Amino acid sequence: MSNPLGIKEGDRIRLISMGDDPDPIPNGTTGIVRGVTELDFRERKETQIQVNWDNGRSLSCICPPDIIERVAAD
């Protein structure tokens with residue numbers, strides 16, 4: 001399965017919004033992608049993006065429902 005977001009390891013991203021996480025990363029936080037895993041469930045497809053966030057946390061995004069965008073390197 002191809003990555004519909006076009007995100008790859010090493011990309012810088014910005015979090016637009018995080019779904020229903022009990023301790024979410026704040027919107028607008030940037031970070032570096034450390035890995036991408038495509039998940040193909042019968043009823044839905046998801047992309048899990050492992051991120052080292054600039055605020056020191058490591059937390060994956062699950063797209064959808066999380067929304068991210070690629071940003072230019074600093």
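Which residue forms a salt bridge with Glu46, and how far apart are the closest N and O atoms? In this predicted model, the partner of Glu46 is Arg44, and the closest N and O atoms are 2.9 Å apart. Glu46 is buried, at a relative accessible area of 13%. Arg44 is partly exposed, with a value of 38%.

Arg44 takes part in further contacts. Glu43 also forms a salt bridge with Arg44. There the closest N and O atoms lie 3.0 Å apart. Glu43 counts as exposed, at 63% relative accessibility. Arg44 thus has a buried partner in Glu46 and an exposed partner in Glu43. The charged end of Arg44 also sits over the ring of Phe41. The distance to the ring centre is 4.5 Å. Ring-to-ring contacts were examined as well. The count of aromatic pairs comes to 0.

The strands form an open sheet. The sheet has 5 strands, in the order β4-β3-β2-β1-β5. Pairing is antiparallel. Strands β4 (61–63) and β5 (67–71) are the edges, and each pairs on one side only. From one strand to the next, the twist averages 40°. Strand β3 covers residues 45–53. Strands β3 and β4 pair in the antiparallel sense over 3 bridges. Within this pairing, Gln48 has Ile62 of β4 as its bridge partner. Glu46, the buried partner of Arg44, falls within the residue range of β3.

Edge strand β4 spans residues 61–63, a range that includes Cys61 and Cys63. Cys61 is buried, with a relative accessible area of 0%. Cys63 is buried too, at 6%. A search of the whole structure nevertheless finds 0 disulfides. A disulfide is a covalent bond between the sulfur atoms of two cysteines. For Cys61, the closest cysteine sulfur is that of Cys63, 5.4 Å away, which is too far for a bond. The converse also holds: the sulfur closest to that of Cys63 belongs to Cys61, at 5.4 Å. The cut-off for a disulfide is 2.5 Å, so this pair is not counted as one.

Salt bridges number 8 in the structure. One of them joins Asp23 and Arg57, with the closest N and O atoms 3.7 Å apart. This pair links distant parts of the chain, its residues being 34 residues apart. Asp23 lies in the loop between β1 (12–17) and β2 (30–40). Arg57 lies in the loop between β3 and β4. Both residues are partly exposed: Asp23 has a relative accessible area of 48%, and Arg57 has a relative accessibility of 27%. Salt bridges also form a network that links Lys8, Asp11 and Arg70. Arg70 falls within the residue range of edge strand β5.

Terms used: Residues numbered from 1 in each chain as written. Predicted model: local features only at pLDDT ≥ 70, side-chain atom pairs only at ≥ 80, totals over all residues. Heavy atoms only, no water. Pairing = 2+ DSSP bridges. Helix = DSSP H or I, 4+ residues; strand = E, 2+ residues; numbered from the N terminus. Axes fitted to C-alpha atoms, helices over the stretch in contact; angles between N-to-C directions. Buried < 20%, exposed > 50% of the residue type's maximum accessible area, 1.4 Å probe, protein only. Salt bridge = Lys/Arg side-chain N within 4 Å of Asp/Glu carboxyl O. Phe/Tyr/Trp six-rings, centres within 6.5 Å; stacked < 30°, edge-to-face > 60°. Lys NZ or Arg CZ within 6 Å of the ring centre and 35° of its normal.
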